[in-house]
Amino acid sequence: QVQLAESGGGSVQAGDSLRLSCVFWGRSFSSYVMGWFRQAPGKERELVAQITAGGSTYEADSVKGRFTNSRDNAKNIVYLQMNSLKPEDTAIYYCATKHISTSTYDIWGQGTQVTVSG
């Protein structure tokens with residue numbers, strides 16, 4: 001059974017940085033695609049970043065150049081480095097995963113709040 005646990009959220013000022021971490025509990029981490037989603041109040045959840053089992057990355061246009069996601073297959077962890085944060089980045093950030101044979105994300109973490117003021 002796979003479980004995810006995010007950490008690293010917090011309240012910061014515009015222009016600051018945060019790094020979110022997501023620990024993958026389970027087997028065969030390297031066979032899973034990892035994604036970061038966020039949901040702001042009153043808005044739909046959106047995919048922010050994704051990293052495949054092979055390390056190919058995707059970042060949404062709204063965060064490209066500011067956010068970087070990476071994975072450490074030896075430690076079963078994925079990271080979302082968020083730089084130059086803006087107030088519009090305020091949201092609950094969720095880590096999610098799907099096996100490489102699955103088309104949709106079906107395992108989710110509990111979420112971590114990121115609040116950017118200023």
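Which residues are linked in a network of salt bridges? Keep that in mind while you open the model, which is a predicted one. The answer is Arg 38, Glu 46, Arg 66 and Asp 89. We'll visit part of that network, then move on to a sheet and some buried side chains.

**Stop 1: the salt-bridge network**

Select Arg 38 and Asp 89 and show their side chains. They meet in a salt bridge, with N and O 2.9 Å apart. Now look at where the two residues sit: Arg 38 belongs to strand S4 (residues 32-39), while Asp 89 is in the loop between strand S8 (77-82) and strand S9 (91-99). That pair links distant parts of the chain, 51 residues apart.

Keep Asp 89 on screen and add Arg 66. Here is another salt bridge, and its closest N and O atoms are 2.7 Å apart. This pair also links distant parts of the chain: Asp 89 in the loop between S8 and S9, and Arg 66 in the loop between strand S6 (57-59) and S7, 23 residues apart.

Are these charged residues buried or exposed? Arg 38 has a relative accessibility of 6%, so it counts as buried. Arg 66 has 10%, so it is buried too. For Asp 89 the value is 0%, so this residue is buried as well. The cut-off to remember is that buried means under 20%.

**Stop 2: a salt bridge with exposed partners**

How many salt bridges does the structure hold? There are four. To see another one, select Lys 64 and Asp 61, whose side chains meet at 3.3 Å, N to O. Lys 64 counts as exposed, at 51% relative accessibility, and Asp 61 is exposed with 67%.

**Stop 3: the four-stranded sheet**

Switch to a cartoon view and colour strands S1, S3, S8 and S7. They make an open sheet in the order S1-S3-S8-S7, with antiparallel pairing. Which strands stand at the edges? They are S1 (3-7) and S7 (67-72); each has a single partner strand, so one side of each is left without a neighbour in the sheet. On average, neighbouring strands here are turned by 15° against each other, ignoring direction.

Zoom in on S1 and S3 (residues 18-25). These antiparallel strands are joined by five bridges. Try selecting Leu 4 with its bridge partner in S3, Phe 24. Then pick Ser 7, whose partner in S3 is Ser 21.

Next, shift across to S3 and S8. Their antiparallel pairing runs over six bridges. To find a pair of residues here, select Val 23, which stands opposite Ile 77 in S8.

**Stop 4: Arg 71**

Now go to strand S7 and select Arg 71. This one is a bit of a puzzle: Arg 71 is buried yet has no salt bridge. The nearest side chain of opposite charge belongs to Asp 72, and it is 8.4 Å away.

What does the side chain of Arg 71 make a polar contact with? One answer is the side chain of Asn 73, at 2.8 Å. A polar atom of the Arg 71 side chain also lies 2.8 Å from the backbone oxygen of Phe 29. If you leave aside neighbours within four places in sequence, the residues in contact with Arg 71 include Tyr 32, Met 34, Ile 51, Ala 53 and Val 78.

**Stop 5: Asn 69**

Stay in strand S7 and select Asn 69. At 4% relative accessibility, Asn 69 counts as buried. Its side chain makes a polar contact with the side chain of Glu 59, at 2.7 Å. Show the backbone of Ile 51 too: its nitrogen lies 3.4 Å from a polar atom of the Asn 69 side chain. Not counting residues up to four places away in sequence, Asn 69 touches several others, among them Trp 36, Ala 49, Tyr 58, Tyr 79 and Leu 80.

**Stop 6: Trp 36**

That contact with Trp 36 leads to our last stop. Trp 36 lies in strand S4, and at 1% relative accessibility it counts as buried. Add Tyr 93 to your selection and compare positions. The two residues are 57 apart along the chain, and their C-alpha atoms are separated by 6.8 Å.

Definitions and conventions: Residues are numbered from 1 along each chain as its sequence is written. This is a predicted model: local features need pLDDT of at least 70, side-chain atom pairs count only at pLDDT 80 or more; totals for chains, interfaces and linings use all residues. Side-chain values use heavy atoms; hydrogens and water are left out. Two strands pair if DSSP finds at least two bridges between them. Axes are lines fitted to C-alpha atoms, for helices over the stretch in contact, and angles run from 0 to 180 degrees between N-to-C directions. Buried means under 20% relative accessible area, exposed over 50%, partly exposed in between (1.4 Å probe, protein chains only). Lys and Arg count as positive and Asp and Glu as negative; His and the chain ends are not counted. A polar contact is a pair of N or O atoms within 3.5 Å; within protein, one must be able to donate a hydrogen and the other to accept it, and residues adjacent in sequence count only if both atoms are side-chain atoms. Contact means heavy atoms within 4.5 Å.
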